[in-house]
Amino acid sequence: MKLFISTFLNGLTLAALYFLVASGFTLVFGLMRNVNMAHGSLYLIGGYIAYSVVEATGMFLLGFAAAFISMAVAGVLLQTLIFRHMEGQDLRQTMVTIGLSIIFADLALWIWGGEFYQIYPPDWLFGATAFPVVVDAKSNGDPVYFTYPIVRLFILGVAIVIGVGLWLVLNRTRIGMMIRAGVDDREMLTATGINIQFVFVVVFAVGAGLAGIAGVVGSIFSSLAPGEDVRYLLASLVVVIVGGMGSITGAALGALLIGLAEQFGSVYLPTYAIAFSFLIMVAVLAFRPQGIMGAAK
Amino acid sequence: MSVTLGEAVTGAARGEKRTAWLSWLNPAYLIAGLLLLVLPALVGDFVLFSIFAWSLCLGMVALSLMFLAGYGGMVSLAQLTIAGIAGYMVAIFGTNGTGTGLGWPWWTVLPAAIAVAVAFATLIGALAVRTAGIYTIMITMAIAAAFFYFARQNYPIFNGYNGFNLVLPPKLFGVDWRQPLPFYYLTLAFATLSYAAVLYVSRSTFGLALQGIRDNARRMEAIGFNVVAHRIAANAFAGLIAAVAGIFLVWFNGGISPGSVGFGPAIDILVIAIIGGIRHPIGPFIGALIYALLSTFAMDLVDPIIGRERFKLIIGIGFLVIVLFSPDGILGLWDRLRARMAVSRDCA
């Protein structure tokens, strides 16, 4: 029972992290048809920058701001300097992002080295909280309540706030309306006189910034090291393939499925854990190639 | 009209002689072929084995990607995974250093390994063709990464993190095939065979239909071609080449571990194919030679400037420059140079 609850909560927090990485990825893909293979690099470098900032200033929340802003700027630069000039050439853009991811990975290795970095949460997030769930009884009959690290719940909270925020922006604001229209039909949106380049830049900045924030969360959750970029790029790929490209709700759903499958798999069937997320992906591709929430094209 | 794997493969074998014969008439082929044949007399054992034999192995894997991407329009990142599966199967069915191999004789091991790898390639193809274009690259990458993590996690079959060592070619006809000279000629023979096979298939009815599908799948569907079957068959054929290359790679490295089929090496295969050029089957081999030369010697070249650890940076920047300025790779540069020379000759 205790194992089950903690596995479930671990799966949920892992899903929160996956959602943060994948939401930016799916936004960029949905609007610009740009498979950003450098998304994992943005995740890793955002995390590294946050680590350096937190180390230097000792301010935990400043790390989030630093990661978001630095990666958003990187996103703006990428979009205006490179991708703007190869619009509509999906494959070439993908190749370019692969080249960039190789370069970024090596630059990050150059600057931060191969060590593991972890951002430690401040005191107000330290420790564990008790749930009103009895999992055991002490020898004297007192109930033992289920406890869980506060910082993980904080991560879950951050993801939910960001998810709801994204949903509100996409569904309740003018720029959100433009983005949704662009996902559905880019040409028509341009024809209505909207400055689509501006929308592109905004979306790329937000997507990259989200990757940066995910990097911070990831460095609290586990740690940052070379290779983590690929891991989270793969995670966002699988999540987005399962959930449906370009859909925030799909990303949330996909993240939930993959996060839970991975945690339960690694607890109950360790050597075959990775096969679970893979099988989910295969099943989705076989029965619904466009993903659970993806629109049929 | 659908062409099955069997037809495509036997077709390739049948056409081997004719294509190879025709190719010999081209002076470029003649010179390149002669050079490759007398190469062992010109270079030392280290260069022969670690540069040329290695680039032939890598070139074959990249060739399978070139076939899919260049003729089929499907950029697959799972070709190294297929090669890796063949390599793993050789270790598992045959003998390996950990003593867990089944110890089958080589003439059962090799066909079985190839069969498993081709079956896997067909499966990947069947999955990937359900989506199109840009999705293919994402799905094959997810599959490649999934296999890497699976092989690393799984100890009962794949021996986890360590993989297998001491996977060596059989000592046939009293020759140690892992010695530089025999190994070089063996890889050269099979690389030439795969090269000719790709060239032949690209000119066969199947290959032409595949190129038609690459250019306009909907139109090909409308005139009665089975698009899905063609794409799957293309994956199977490319899988066959990748599987053969995988066996040579496992012999070359003397073993296999998850690291050698990971994301980085898979991207390297793509880099090789793109740098060389995916318009013609010679591209991947040129790319592989450049890659092998760079990865062996660039470390010494860049050492005084930015340090030898920055080899990946050089590769990344080189790849980026090629993708940004010459989408057809080195071959494209060559074509453009030739066109320019022709123009200046006309002007003169």
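Q: Is A:Phe276 buried, partly exposed or exposed?
A: This is a predicted model, so local features need pLDDT of at least 70, side-chain atom pairs count only at pLDDT 80 or more, and totals for chains, interfaces and linings use all residues. Residues are numbered from 1 along each chain as its sequence is written, chains are lettered from A, and side-chain values use heavy atoms, without hydrogens and water. Buried means under 20% relative accessible area, exposed over 50%, partly exposed in between (1.4 Å probe, protein chains only). The relative accessibility of A:Phe276 is 34%, so A:Phe276 is partly exposed.

Q: Which helix of chain A gives the most to the nonpolar patch?
A: Such a patch joins nonpolar side chains (Val, Leu, Ile, Met, Phe, Trp, Tyr) within 5 Å, from residues with over 30% relative accessible area and no salt bridge (Lys or Arg side-chain nitrogen within 4 Å of an Asp or Glu carboxyl oxygen). Helices are DSSP runs of H or I, at least four residues, numbered from the N terminus. Helix 1 (2–32) and helix 10 (248–268) each supply at least two residues. With 3 residues, the top giver is helix 1.

Q: Which helix of chain B gives the most to the largest nonpolar core?
A: A nonpolar core is a set of buried Ala, Val, Leu, Ile, Met, Phe, Trp, Tyr and Cys residues joined through side-chain atoms within 4.5 Å. The largest has 210 residues, and B:Phe67 is one of those touching the most other members. With 19 residues, the leading contributor is helix 3 (residues 45–72).

Q: What share of chain B is buried?
A: Chain B has 348 residues. Its buried share is 55%.
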